[in-house]
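User: Got a model here I'd like to go through. Can you walk me around it?
Analyst: Sure, let's take a look.

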Amino acid sequence: MSRRVVVADDQTVVREGIVMLLGLLPGIEVVGSAGDGEEAVRLVAELAPDVVLMDLRMPRLDGVEATRRVRAEHPGTQVVVLTTYADDDSLFPALQAGARGYLTKDAEAEDIVRAIDDVLAGAAGLSPGVQSRLLERLAQPAVQEPQVPDGLTAREVEVLRLVAEGLTNTEIARRLHVSVATVKTHINNIFAKAQVRDRAQAVSYAYRHGLTGPDA
């Protein structure tokens with residue numbers, strides 16, 4: 001029984017290379033490829049693949065948000081991240097969004113197949129390096145997370161700090177490697193949760209709650 005896969009990567013050469021590689025492997029059927037997160041979510045809705053191989057840094061909708069939408073709207077499709085980045089700021093948000101697998105782009109073909117099979121079997125499809133990073137994090141002493149007001153998420157606090165620094169939506173998107181649309185969504189959520197009407201009030205809110213500055 002073949003595993004139906006969608007590949008999502010904004011770099012055409014990389015995307016086509018992954019599609020070609022997977023096409024040579026027995027038991028893998030690439031049913032579609034996407035150049036950004038929005039297209040990936042649309043293809044999942046249309047094609048109902050078993051797995052999406054998801055890049056993280058993509059325009060319009062980044063891989064983390066695309067993963068969150070796929071897992072929320074199409075729970076029958078698993079997500080394996082395939083990215084250049086293995087840092088904490090990339091790894092943990094992707095896993096929290098619902099990715100069951102995480103590989104870096106230096107993975108071999110058999111690593112990709114193994115990760116696909118693992119997530120379809122209900123296990124985690126992680127590269128050895130990612131597994132080591134998770135174990136290191138688990139071995140660290142628990143740190144008390146700072147209290148965040150009004151249910152703001154860590155990402156929303158990060159966006160709010162950048163708003164307080166005077167950055168535009170485009171500059172925030174560039175700094176966080178996400179789309180402008182994603183930034184707008186975060187800002188709308190911040191306004192609703194903090195009950196503020198504009199950026200000036202949001203900045204005042206950030207200072208009032210101690211969410212600005214290097215030690216915030």
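Analyst: One term to start: contact means heavy atoms within 4.5 Å. Keep in mind that this is a predicted model.

User: OK. Which residues of H7 meet H9?
Analyst: On the H7 side they are Arg-155, Glu-156, Val-159, Leu-160 and Val-163. They meet His-186, Ile-187, Asn-189, Ile-190 and Lys-193 in H9.

User: What's the mix by class in that contact?
Analyst: The contact of H7 with H9 has five nonpolar, two polar and three charged residues.

User: And at what angle do the axes cross?
Analyst: Roughly 95 degrees, for H7 (residues 154–164) and H9 (residues 180–194). The axes come within 9 Å. Angles of 65 to 115 degrees count as roughly perpendicular, so H7 is roughly perpendicular to H9.

User: Switching to the sheet. What's the strand order?
Analyst: E2-E1-E3-E4-E5-E6. Those six strands form an open sheet, and the pairing is parallel.

User: Which strands stand at the edges?
Analyst: E2 (28–34) and E6 (125–126). Each has a single partner strand, so one side of each is left without a neighbour in the sheet.

User: How many bridges between E3 and E4?
Analyst: Four, linking E3 (residues 51–54) and E4 (residues 78–83). Val-51 stands opposite Gln-78 in E4.

User: Which strands does H1 lie across?
Analyst: H1 (residues 12–23) lies across E1 (3–8), E2, E3 and E4. Its angle to E2 is about 165 degrees.

User: Last one, rings. How many aromatic pairs?
Analyst: Zero, searching the whole structure. Still, Arg-57 lies over the face of Tyr-85, at 3.9 Å from the ring centre.

How values were computed:
Residues numbered from 1 in each chain as written. Predicted model: local features only at pLDDT ≥ 70, side-chain atom pairs only at ≥ 80, totals over all residues. Heavy atoms only, no water. Phe/Tyr/Trp six-rings, centres within 6.5 Å; stacked < 30°, edge-to-face > 60°. Lys NZ or Arg CZ within 6 Å of the ring centre and 35° of its normal. Axes fitted to C-alpha atoms, helices over the stretch in contact; angles between N-to-C directions. Helix = DSSP H or I, 4+ residues; strand = E, 2+ residues; numbered from the N terminus. Parallel < 35°, antiparallel > 145°, perpendicular 65-115°, else oblique. Nonpolar A, V, L, I, M, F, W, Y, C, P; charged D, E, K, R; others polar. Pairing = 2+ DSSP bridges.
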